[in-house]
Every structure is written in C-alpha cells, then in structure tokens.
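Here are my notes for your review. Please read them with the coordinates open.

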2 protein chains.
Amino acid sequence: MTLEQVAKRAGVSTATVSRVLNNTGPVREETRRRVLRVAEELRYQPNRYAQRLAGGKSRTLGMIVSNIENPFFLDIFCSLEEAASRAGLEVVVESTNYEASRLVAAVRSMLGRRPAGLAVIVSEMEPRLMEELTALDVPIVFYDVGRPAHNITNIKVRYEKGMQRTVEYLYALGHRRMAFVGHHAGLGPLQERRNTFLRTIKSFADVEHTTVSNADGPEGGRLAAHQLLASGFRPTAILCVNDFMALGVMRELRDQGFRIPAEVSVTGFDNIRLSEFVYPALTTVDIPRRRIGRMVFEVLVQAEGGSGEILIEPELLVRESTGRAP
Amino acid sequence: MTLEQVAKRAGVSTATVSRVLNNTGPVREETRRRVLRVAEELRYQPNRYAQRLAGGKSRTLGMIVSNIENPFFLDIFCSLEEAASRAGLEVVVESTNYEASRLVAAVRSMLGRRPAGLAVIVSEMEPRLMEELTALDVPIVFYDVGRPAHNITNIKVRYEKGMQRTVEYLYALGHRRMAFVGHHAGLGPLQERRNTFLRTIKSFADVEHTTVSNADGPEGGRLAAHQLLASGFRPTAILCVNDFMALGVMRELRDQGFRIPAEVSVTGFDNIRLSEFVYPALTTVDIPRRRIGRMVFEVLVQAEGGSGEILIEPELLVRESTGRAP
DNA sequence: TTGAAAGCGGTACCAG
DNA sequence: CTGGTACCGCTTTCAA
C-alpha cells in the first residue's frame, strides 16, 4: 500500500494526498474527504522509512542504557519516552549489558537513525567513542560517563555526597564493620563508587570494611552477599551500589538467618519504586529518575543540545532496613 | 555523511561502496581496502531509513505490550530481543498502558515500519483491529487476546488451571475467606481472570469471597489491599492477578499489622524474578516468559507466521507467602 | 570488477 | 487548490 496507489484511486496526485494526510497546504474540502476515505478504505499506512528519508528533520531520540532490566534505567527511559511522545517524538532504546563493545555498536546503530538527540545513560565507556561523538553535531546527553563538550551535556549525581551521608548515618548508629556490594568493579563510574566508599570509610579510623562485586541485579546481589559471608567477614551493615542488588543481598541474609536490621543493616542507592515495597523497606539514597528523564528531554529537544554539566544532589532516605548496630 | 561522499572520496561509484560495506558482490581487494579506509575516516554511518527503503525485506520486529514496567512484559521483550538480535533483527517496543486507543495507534505505527513480524502482548483489544490485522500478510503473534487466523498465531496460558490449583491449594490449607486482587477489570482477558476466580471459588460452597481492582503495579496492589481491608472483609488469603500487584498487597498488609502468611496468605501469578527475592518469597504460578519470548521469535521469524494456537501450562510454585489458615 | 541508473515511497517546491 | 517533479540516500540490476 503506497501513497501513489491511494492517489490513483482517489484520482489526485501524490502531492495532494501527502498534503491532506499531513495537513500541510490547502486542499478543497471535498478533495480532502475523498482522499481520507480512500486512505481509510485501503488502510493506508505511510512507510516510515520513506517518510523519514524524504522528510528531513528527525523525529526520533536515541537512548542507550546499560541494563534496561534495572528499574533505575527503565524509569529514566519511561519518563523520557513520556515527555518525548507528548512532543510527537519517538525514542528508541538499546541496552548494552555494560559491555563497551555493545555500547559502540549501539551508538553506531543509533547514529544510523539520524536521531534528533542521543542520551547515553551507561556506566561503560570507550575512549575513542568520546572523540567520535564530540565531532558530531547531534545533541548528546551523558549520564555518569563522558565530559561536557560542544553539543554534549553531562548529568552527574554527587555520588560521594550520598555515600558520605550513608556512611555517617550508619556510623552514628554504631556500625563499625561495613561492606560494600557493587557490580562491574572494572568500569569507571562503578569503580569510582567503590572508591568513594573506601575513601569515605577511611575517614573513620575504626571501621573495618571490605567490598565485593557481582552481576547487577538481585541474583548478583545474592551471590555477592554469599561471597561476602563465606569470606568470614561479619559486617553489621552492607551498603549496596544500587537498590536492585540490595534486594538480592537482603534475600541472602535472610536465607542465612540474619535479621534485618536487627543483626545487619542494608542500604541501597537509587530509590527505585520497589524499594519501599519490599520488606523491610529499604533505606536508600534517592536519585530523581523521572526528573532526569525530563531533563534529558529538555536538553536534547528544547535546548537543542547546549553543553555543560548538570549536577544532581542525592538525598538519603531512611526507612526500615537500617538500625542500630547489634 | 552519505554513501556518495564516501564514493567520491574513494574514487569509486556508490555501487561499489555499497558492495564492500555489505559484502555483496565481488570487489578487488585493493578497492575494498581503500573504500573501507575512507568510510572509516569519514566515520560513515549508513542512513538506516534509506537502507530500509531501498533494501526491500524488513529486518525489524514490532512488539506491543500493555505495560513495559511490569517485569512480566519486560522479560518477554528481553528474551525476544535476545533471540532477534542473534539473528540480526531488531525489535522495537511500544507500551500501551492498557489503553485500546493506544493499542490501535501503536499497531499503526508499527505497521508503518513494515515489520517482518508483529507481537501483540496485551490485555486490551479493539474489535476492528482484529479485522485489520487479519487482512494483513505480516506474521502476527497474539498473547492473551485475539484469535488464530491466517498468519496469526495465538499464545494462551491456561489461566483457569493455575487459578484452580491455587484455590484448591489454599482451600486445603483451610482458607475459607478469599479475595481476588486484579486490575483493569473491564478488559477482556483480565475480566476473564476474575471470572475464573469466581467460577473456581464457587465450586467450593463454603468459601466467602470478594474481588477488588486497581491499577497494575505495586502501588495499585497496595491501594487495592487498602480498599479491600477498608471494606471490612477479612480474607485469610488474597490471590493477586499478578506478582507485580502482589508486592503492593503484601506491603499494605504489613503496614496494617497483618503477618504473612500467619494471618493472611498471599499468592501472585507470573513468577517474575523478583517474586523469589521478596520477603516472604511469593507463592505464585509460573508463566515461562523467556520461553514465550523465544516462541514469539520462532513463530514470527522461523515459521514466518503460520497460524494456530499455542497453549501454555502454568505451574503452581509454593513458596513462603502462603500457609495454613489462622 | 566496476559504474550508470532505475527504483524504494514519500515530501515539498514551483507552476499553473 | 492541484499536479509535476526533483530529490532524500541506499540497493540492485544491467552493461561494460
């Protein structure tokens, strides 16, 4: 089913059909009706590829995330998508599973779509990618990775601040043996988080500590906790790099008979919606994902790029999974 | 950056560039190298729209789901995506939020992409949509809704069976006051589930029961439970239409001081991965989402459509959220 | 082994 | 108001 067939059947030119379908340019009311009717009858659906090719300006935003199954990323995607669709834009996502090679492939693939903007919300990075992207004139937003540059704006969360607050809070509750559970310790931003933990903890001379790492997600969290406990270390508090992993950590603790928070306190990071539904409700650090999604939209579409850095202040949320050290 | 620019710079025709980039047709080794080098230098990225338009056969699958934030749908998407990308296909998703109008829009939008196949994993339906789709020659898979037809295959879960098992199980544990928590009670498949509950329960003459409905998701589950308890009815078991809502139901029960399962038993449906990480681990009915994702792929791509019905047998998984009636 | 050129299905400008 | 037509950027014959 093509525009031409519709045109033929309606006895008009393709130009006219295009005009009525897109409400562009004047068309006699009667003609309009006729075309509309035929298009309806034929169940005509414009070929999007032809449309884009001919059309010029792009109507799609690209978004690359590390792990779409982690609600943190999913939430950002959903709010971006919401804002975008309100403006008549579509957003296509791709998930890299934290692999730099997939990130490169994803970026190339997105670029092939000639997007109106690109959001790169990932933890992995490939140095040459930065150069490549810097040269482009597509508006880009990075989260966590990258540096501001022409047409590139960065969104960064003051992770240290959240971490610091958390450690101080736990310390005040009497905790002196803490562990950090993370994932992909080799990737820049994630390594940095681990280091932040280490740095923070060292300012308290009398705190024993350790860190473990496993896959992102509840299962990874569970395995990490398992490793941790198997090592013989007995933390009274476990700080997780994100809520998603914290879910698994709590499960493993319970399976091994530890009460939360009576015997072990657990904290997360992100404040995914699930975190207040689990039991005990998770003490965590809020990162305003919906706000981030909207920001991404604004930077990409309304500011049409710009450049610079946006800092987000995370906020400690005390709930039920933490308490006085035993 | 276009093919032509690459061609010009490499001193060859666009045809040749196309050949080397796609590895189609013979090209002298030296020419190939030169073209490749230039393409690299120019960071050439083919325009996907032009490619598709010229190319002919589609390399994309469309998938429409009711609520991408519900892990049930997300899991199916991820496994389909996995299978597809292994075969060099991409899949684009759209989420309807259970609105029939959005379903219609989503289908049209997908059709505009001239997909190689379309998966419609939703609970809402629009009668005229069925006709429209039946006329098409695109392979289609429905889950939950629709009827088999030419090029249309249906995947259905024997919901009654799972429900029956669950009720029997709870009955055997002594439960005589049960409630069903659902969402979108007006939509066919969901209404059917509620009815299944009602039908099943009626075969046990001495069971008091009721049903409530709210939005899909933990928050909806919480609100539903709130309503339920506010009504004065005191169920000893609450059966949820899915795990996602069950999370919220459990939270509300606890907030109101009920112990699970000592005072109230809770069951879910789907067996999303989260269900074994929450506390208490959720008794639920397994629906093999990854298998469904793979099936969708096979039907769409390998069988290139076909038609018929695929039945899936769900299985009760007893975990910690259910126990003897108090 | 390579190039010229005809589409693919639209959009939009220019005449009429 | 409407039609003719030149692209958009790539793939794919068909000849050379």
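1. Start at a local detail. Pro261(B) sits in the loop between helix 11 and strand 9 (265-267) of chain B. The bond that leads into this proline, from Ile260(B) to Pro261(B), is cis, and omega is near 5 degrees. Keep in mind that this is a predicted model.

2. Chain A has a cis bond at Pro261(A) too. The peptide bond from Ile260(A) to Pro261(A) is cis, with omega near 5 degrees. Pro261(A) lies in the loop between helix 11 (243-255) and strand 9 (265-267) of chain A. Most peptide bonds are trans.

3. One backbone angle deserves a look. Arg114(B) has a phi near 45 degrees, which is positive although the residue is not glycine. Its place is the loop between helix 6 and strand 3 (117-121) of chain B. Most residues other than glycine have a negative phi.

4. How is chain B placed relative to chain A? A rotation of 180 degrees, with 0.0 Å of shift along the axis, lays chain B on chain A with an RMSD of 0.1 Å. The two copies are thus related as by a two-fold rotation axis. Which residue of chain B comes closest to that axis? Tyr49(B) does, with its C-alpha at 2.3 Å.

5. The protein interface comes next. Here 29 residues of chain B are in contact with 29 residues of chain A. On the chain B side, helix 4 (48-55), helix 5 (71-86), helix 6 (100-111) and helix 11 (243-255) each give two or more residues. Helix 4 of chain B has the largest share, five residues. By class, this side holds 14 nonpolar, four polar and eleven charged residues.

6. Look at the two copies of helix 4. Their axes, one in chain A and one in chain B, come within 8 Å and cross at roughly 130 degrees. That makes helix 4 of chain A oblique to helix 4 of chain B. The crossing is left-handed. Tyr49(A), Ala50(A), Arg52(A) and Leu53(A) make the contact from chain A, and Tyr49(B), Ala50(B), Arg52(B) and Leu53(B) from chain B. These residues divide into six nonpolar, no polar and two charged. Tyr49(B), named above for its place by the rotation axis, is thus part of this contact.

7. Now DNA strand C. It is surrounded by 29 residues, and the closest are Leu3(A), Ala50(A), Ala54(A), Ala15(B) and Pro26(B). Both protein chains contribute elements. Helix 1 (3-10), helix 2 (14-22) and helix 4 (48-55) of chain A each supply at least two residues, as do helix 2 (14-22) and helix 4 of chain B. The surface has 13 nonpolar, 14 polar and two charged residues.

8. DNA strand D is also surrounded by 29 residues. The closest are Ala15(A), Pro26(A), Leu3(B), Ala50(B) and Ala54(B). Two or more residues each come from helix 2 and helix 4 of chain A, and from helix 1, helix 2 and helix 4 of chain B. This surface counts twelve nonpolar, 14 polar and three charged residues. Ala50(A) is among the closest residues to strand C, and Ala50(A) also takes part in the contact between the two copies of helix 4.

9. Within chain B, check how helix 1 packs. Helix 1 (residues 3-10) and helix 3 (residues 29-41) of chain B meet at an angle of about 125 degrees, with axes 9 Å apart. These two helices of chain B are therefore oblique to each other. Their crossing is right-handed. Val6(B), Arg9(B) and Ala10(B) of helix 1 meet Arg34(B), Val35(B), Val38(B) and Ala39(B) of helix 3. The contact divides into five nonpolar, no polar and two charged residues.

10. Last, a pair in chain A. Helix 5 (residues 71-86) and helix 12 (residues 289-302) of chain A pack at about 45 degrees, with their axes 7 Å apart. That makes helix 5 oblique to helix 12 in chain A. This crossing is right-handed. Residues of helix 5 in the contact include Phe72(A), Ile76(A) and Leu80(A), and those of helix 12 include Arg289(A), Ile292(A) and Phe297(A). By class, the contact has nine nonpolar, two polar and four charged residues.

Conventions:
Residues numbered from 1 in each chain as written. Chains lettered and ligands numbered in written order. Predicted model: local features only at pLDDT ≥ 70, side-chain atom pairs only at ≥ 80, totals over all residues. Least-squares fit on C-alpha atoms with pLDDT ≥ 70 in both. Contact = placed C-beta atoms within 7 Å. Helix = DSSP H or I, 4+ residues; strand = E, 2+ residues; numbered from the N terminus. Nonpolar A, V, L, I, M, F, W, Y, C, P; charged D, E, K, R; others polar. Near = placed C-beta within 6 Å. Axes fitted to C-alpha atoms, helices over the stretch in contact; angles between N-to-C directions. Parallel < 35°, antiparallel > 145°, perpendicular 65-115°, else oblique. Left-handed = near helix turned anticlockwise from the far one by under 90°.
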